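Subject: Model for your files, with notes on cavities and pockets

Hello,

Here is the structure I said I would pass on. Please look it over alongside the notes under it.

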Amino acid sequence: MQYFWLNKQDNNKKLIVFFNGWAMNQTPVEHLKKENYNILVLFDYRSFDLDLSIFEFDKYDKKYLIAWSMGVMVCNLFNEYLSSFDKKIAINGTAKIVDNEFGIPSKIYKVTTRYLNEKSKEKFIKNMFQGGILNPNIKITRNIEELKQELVSIENLRIDCELKFDKAIVSTLDRIIPAQNQLAFWSNRAEIEQIDSTHCPFESYNSWQDLLC
């Protein structure tokens with residue numbers, strides 16, 4: 001795993017930890033107004049050996065978890081660091097990311113992994129956006145082999161203890177993780193907010209505060 005401080009000021013007493021989606025870095029959320037939040041972006045799930053204790057979460061007065069897409073599953077690995085956060089929000093993801101009922105259908109996921117190339121990667125990314133138009137501000141810097149390793153790593157991931165989320169935001173037009181599968185997963189697990197958007201919904205928001213509302 002890698003991390004990137006999207007905002008870090010010594011006088012900020014509020015923290016947002018953002019678990020990103022597959023293939024992504026900080027660019028999908030760079031436009032969001034940061035206000036007085038320190039914002040830590042976690043990404044690149046080829047391995048899960050990052051020691052979260054280095055970030056000293058306890059020094060913050062308020063702590064918030066926002067997880068998107070495959071990051072919703074990955075963040076469950078760090079239950080001991082995140083369970084005490086003041087609010088936890090999942091966006092277009094579940095803790096069972098490769099699942100015929102609650103995530104991406106297994107056959108589709110395996111085909112995506114096996115035949116991943118530059119053309120199929122671009123198709124996948126375009127499916128994340130309204131009208132299949134790729135946001136030019138979003139940059140993917142890792143190569144195909146690294147992205148394939150990340151898919152395999154996530155498929156092999158097993159969660160022993162799920163985090164309790166406060167809210168799940170589900171895009172009704174999600175073409176990556178079917179909305180009906182997300183709704184089935186979050187039923188009786190968290191408050192559900194359905195929005196008229198696609199898998200990458202961040203263009204619909206102006207600030208991190210908007211996501212926390």
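The notes below cover the enclosed cavities and then the open pockets.

Please keep in mind that this is a predicted model.

Cavities

The search gave 2 cavities of 30 Å³ or more. The largest cavity holds about 50 Å³ of space. Its lining is made up of Gly21, Trp22 and Met24, then Trp68, Ser69 and Met70, and further along the chain Phe124, Met128, Ile176 and His199. By class, 7 of these lining residues are nonpolar and 3 are polar, with no charged residue in the lining.

The second largest cavity comes to about 40 Å³. Around this cavity are Val72, Asn76, Thr94, Ala95, Glu162, Leu163, Phe165, Phe185, Trp186 and Arg189. Here the lining divides into 6 nonpolar, 2 polar and 2 charged residues. Glu162 and Arg189 are the charged ones, because Glu and Arg both count as charged in this classification.

Pockets

The largest pocket has a volume of about 350 Å³. It is lined by 17 residues, and those closest to its centre are Ile108, Thr112, Phe124, Asn127 and Ile176. Two of these names have come up already: Phe124 and Ile176 are also in the lining of the largest cavity.

As for secondary structure, α3 (106-114) and α4 (118-126) each contribute at least two residues to the lining of the largest pocket. The largest share is that of α3, with 4 residues. The lining as a whole has 12 nonpolar, 3 polar and 2 charged residues.

The second largest pocket has a volume of about 220 Å³. Its lining counts 14 residues, of which Met73, Ala95, Lys96, Leu157 and Arg158 are closest to the centre. Ala95 appears in the lining of the second largest cavity as well. At least two lining residues of this pocket come from α3, and at least two from α5 (144-155). Helix α3 therefore has a part in both pocket linings, given that helices are numbered from the N terminus and the label is shared.

By class, the second largest pocket is lined by 7 nonpolar, 1 polar and 6 charged residues. Lys96 and Arg158, both among the residues closest to the centre of this pocket, belong to the charged class.

That is what I have on the cavities and pockets.

Regards

Methods:
Residues numbered from 1 in each chain as written. Predicted model: local features only at pLDDT ≥ 70, side-chain atom pairs only at ≥ 80, totals over all residues. Heavy atoms only, no water. 1 Å grid on protein atoms, 1.4 Å probe; cavity = no way out; pocket = protein on both sides within 12 Å on 5 of 7 lines; lining within 4 Å. Points joined across faces, edges and corners; volume = space filled by probe spheres on them.
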